[in-house]
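Please take a moment to look over the sequence and the structure below before reading on. The paragraphs that follow lead through the helices and then the strands.

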Amino acid sequence: TSSSAAPTTTTMTDDEAAMEVVKKHYQLFNAALMSLDTSQLRKSFSSTCASCDSDAKVIEQIKAKGGRIESSGMQVISVTIVDRQGSRLLIKAQVAGSPIVIHDASGKVIDSSTGGSGVKNILTSKASGVWLVEAIT
C-alpha cells in the first residue's frame, strides 16, 4: 500500500532560500523598528554584516534611551540573483523605505528621514544549512 501522508514542509532550492532570507531580513527589520527588539533581526545576518549590525545598534540605542521610532519600514519590491560564488549568492533587491521619525523619551523629534527607494546589493551565504545576510551595500 502507498502512504497517504503528505510532506509537512516544502523544500526550497538554494536560490529560493537565499531570496527568501533577504525578504525575511527586511520583515524582521520592520518588526524591530516597531518593537525596538532586535533579537530576531540579529538572527537574520552574520557577524560580517557591518551595516546590519549598525542598524541594529541604532535601534538598541533608541530603546536604551527610552525613545521610539515611527515608520512603516522597508518594503522589498523585487529580488534578483546576480552572481553565485560557491555557497554565497549576490542578490539585487529593489527596496522602498517609508519616512522614519525618531523620538526621544520626552517625545521630541530628534531625527527623521524622508524615505525613498533604491537598489541594495545583498550578499547571502549558507552555513550549516542556514542562509544569512552577510553584507548589504
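An axis, as the word is used here, is a line fitted to the C-alpha atoms of a helix over the stretch in contact, and the angle between two axes is taken between their N-to-C directions and runs from 0 to 180 degrees. Two packed helices are described by the angle between their axes and the distance between the axes. In this model, which is predicted, the axes of helix 1 and helix 3 (residues 50-64) come within 10 Å and cross at roughly 20°. Because angles under 35 degrees count as roughly parallel, helix 1 is roughly parallel to helix 3. The crossing in which helix 1 passes helix 3 is left-handed.

Which residues of helix 1 and helix 3 meet? From helix 1 come His25, Phe29, Ala32 and Leu33, and they meet Cys52, Asp55 and Ile59 of helix 3. Sorted by character, the residues of this contact between helix 1 and helix 3 comprise 5 that are nonpolar, 1 that is polar and 1 that is charged.

Turn now to the strands. Strands of a sheet pair through backbone hydrogen bonds, either parallel or antiparallel. Here 4 strands form an open sheet in the order 2-3-6-7, and their pairing is antiparallel. Strand 2 (74-85) and strand 7 (130-136) are the edge strands, each of which pairs on one side only. On average, and with direction ignored, neighbouring strands of this sheet are turned by 30° against each other. Helix 1, which spans residues 14-35, packs on the sheet and touches strand 2, strand 3, strand 6 and strand 7, while its direction makes about 145° with that of strand 2.

Within the sheet, the antiparallel strands 3 (residues 88-97) and 6 (residues 116-127) are joined by 10 bridges. Two places along these strands can be looked up in the structure: alanine 93 has lysine 120 in strand 6 as its bridge partner, and glutamine 94 stands opposite valine 119, also in strand 6.

On to the next pair: strand 6 and strand 7 also run antiparallel, and 6 bridges join them. One of the residues to find here is isoleucine 122, whose bridge partner in strand 7 is isoleucine 136. Strand 6 and strand 7 form a hairpin with 2 residues between the strands, and in this hairpin serine 128 takes a positive phi near 55°.

Technical notes:
Residues numbered from 1 in each chain as written. Predicted model: local features only at pLDDT ≥ 70, side-chain atom pairs only at ≥ 80, totals over all residues. Heavy atoms only, no water. Pairing = 2+ DSSP bridges. Contact = heavy atoms within 4.5 Å. Parallel < 35°, antiparallel > 145°, perpendicular 65-115°, else oblique. Left-handed = near helix turned anticlockwise from the far one by under 90°. Nonpolar A, V, L, I, M, F, W, Y, C, P; charged D, E, K, R; others polar.
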